[in-house]
Structure formats: C-alpha cells, structure tokens
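This report goes through one protein structure, part by part. Keep the sequence and the 3D view at hand while reading.

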Amino acid sequence: MRIELGATVKTKDGHRAGTVTKVIWDPAENQVSEFVVSTGGLLGHDVIVSREVLEQGRPDGKELVIDLTKHELEGLEHFDDHAYATPPYGWQGPAESTYAAAELLFPLATADDAAPAGDARRERGRHRSSIKKGMVVKDAGGRNIGVVDELRIDDMTGELRAIVVRDDAQTAATKTREIAADHLDIGDDEVHVIEEVPGHIAGRDA
C-alpha cells in the first residue's frame, strides 16, 4: 500500500509514534526504501522506519499501527538530515513511482562506507555527508577560498561527487571552483580541502 506523507503512526503497545514526514529513496534499487517518522515528544528525535514495517502496518481509522513497541521504535536509526539531500537537478524517478521528486530524499553515502570501521577514509566520508550550501571552505593551508555554492550529487548512486566553491571576493565576476568529494573534510562547521588539487576555476557573472 502507499504510505501517505502526514500519516499518523502508532506502536502496537498503544503509543502514538508520530507522523510520516519524509520519503527516503534508494538510488541503487531505484525505489523507496525507508520513511522518516517525526516522533515529537515521544522520543525526542526522529527515526527511520523501513518501508516493509509501515506497509505491513494495520490501519486503525486514520492511524497506522505498526508491529513495533515504543522500546523497539526507540532502537531504530536516528534520522540525521545532514546525511540526506534532495534528488539531483533534473532527476526523474520511474513512471510507477507514486511520490514526486520533491517529496524524496537521497542518502549522501560515499564509497568510503565500504572501508573498515575506524578507517580514516570512512570517517572523512561521514564528515562529507554534513556539507551544506553556504559553508565556508578553506584550503589545506587554512586560507578562506570561498563558500559552498552547489552540491553535485551522482544521479545514479546519490553520493556526493563534488562541491562547487564560490569566491565571495567583491570582484566584477564571481569565480567558481569544483572540488571532488575525495579531497574534502569538515570541522568546526567549515569545509577543508585535505589535499591540494588544481580544481577547475571558471569566471561567471556575479
């Protein structure tokens, strides 16, 4: 069955879990994989609930009763909006999808996730998922080189491929630089270039 955004979710032990607020898309499988349930004051954080759990829920009037207790619900993965992004510009889902692109979120997973736990590259991959538009970007020497102007997401995998950095200097034309995700890290709400890269620079009108 189709899970409606805004649907009220209730646990099998009688607790109102919250409402379905977001739809998570799996680019690898090209389908909806999970939903975000906003739990309000029940847990103090939002959780990610699998598609199967919600689809197997029992309708009860305007509520959907899922086969989980409040305790089991609390053990589900916390939703972190820094780890997701809207679909890439121009992306179109399969014709059979019942959700509009504007209703979907793509996980910002990176290839580093395949590295062993504790591996430095994997940790950098996790940090890169927190990069947002407007964040300050500094080079390997700590110099400010601009701000994040655009996130470039792979339209097949949903992974962060690169960022476009805008030079905020007051000049006649704004310069932009594309830097691959593999050369980035994040700390103190700033993006750091961890390796010197040539980076494509192009002038464009401010």
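## A loop residue and its surroundings

Asp139 sits in the loop that connects β9 (136-138) and β10. Strands such as these are DSSP runs of E with at least two residues, helices are runs of H or I with at least four residues, and both are numbered from the N terminus. The model is predicted, so local features need pLDDT of at least 70 and side-chain atom pairs count only at pLDDT 80 or more, while totals for chains, interfaces and linings use all residues. Residues are numbered from 1 along each chain as its sequence is written, and side-chain values use heavy atoms, with hydrogens and water left out.

Is Asp139 buried or exposed? Asp139 is buried, because its relative accessible area is 12%. Buried means under 20% relative accessible area, exposed means over 50%, and partly exposed lies in between, with a 1.4 Å probe and protein chains only. Not counting residues up to four places away in sequence, Asp139 touches Ile145 and Val193; a contact means heavy atoms within 4.5 Å. A polar atom of the Asp139 side chain lies 2.8 Å from the backbone nitrogen of Arg143. Asp139 and Val191 are 52 residues apart in sequence, and their C-alpha atoms are 8.7 Å apart in space.

The two strands on either side of this loop, β9 and β10, form a hairpin with five residues between them. In the turn, Gly142 has a positive phi of about 90°.

## How the strands pair

The protein chain has three helices and 15 strands. Two strands pair if DSSP finds at least two bridges between them. The table lists four pairs.

| Strands | Sense | Bridges | One bridge or opposite pair |
|---|---|---|---|
| β1 (residues 8-11) and β6 | parallel | four | Val9 and Leu64 |
| β5 (residues 58-60) and β6 | antiparallel | three | Arg58 and Val65 |
| β9 and β10 | antiparallel | three | Val136 and Val147 |
| β10 (residues 144-153) and β11 | antiparallel | six | Val148 and Val165 |

Strand β6 (residues 63-66) appears in two rows, pairing with β1 and with β5. Which residues of β6 point one way, and which the other? Glu63 and Val65 point one way, Leu64 and Ile66 point the other way, and all are buried. In a regular strand, the side chains alternate between the two faces of the sheet. β5 and β6 form a hairpin with two residues between them, and Gly61 in the turn has a positive phi of about 65°.

Strand β10 pairs with β9 and with β11. Strand β11 (residues 160-166) is mostly covered, as five of its seven residues are buried.

## Two further residues

Thr11 belongs to strand β1. Thr11 counts as buried because its relative accessibility is 1%. Leaving aside neighbours within four places in sequence, Thr11 is in contact with Ala17, Val65, Ile66, Leu68, Thr69, Lys70 and Leu73. Val65 and Ile66 in this list are also residues of strand β6.

Asn30 lies in the loop between β2 (16-26) and β3 (31-38). Asn30 has a positive phi of about 55° although it is not a glycine. Most residues other than glycine have a negative phi. Asn30 counts as partly exposed because its relative accessibility is 38%.

## The largest pocket

What is the volume of the largest pocket? The volume is about 320 Å³. Of the 17 residues that line this pocket, the closest to its centre are Ala85, Thr86, Pro87, Leu151 and Ile153. A pocket is an open set of points on a 1 Å grid over the protein atoms alone, where a 1.4 Å probe fits, with protein on both sides within 12 Å along at least five of seven lines; lining residues have an atom within 4 Å of a point. Grid points are joined across faces, edges and corners, and the volume is the space filled by probe spheres set on the points. β7 (84-85) and β10 each supply at least two residues of the lining. β10 gives the most, with four residues.

## The chain as a whole

Buried residues make up 36% of the 206 residues in the protein chain. Among contacts with a separation of 6 or more, 45% are between residues 24 or more positions apart.

Technical notes
A polar contact is a pair of N or O atoms within 3.5 Å; within protein, one must be able to donate a hydrogen and the other to accept it, and residues adjacent in sequence count only if both atoms are side-chain atoms.
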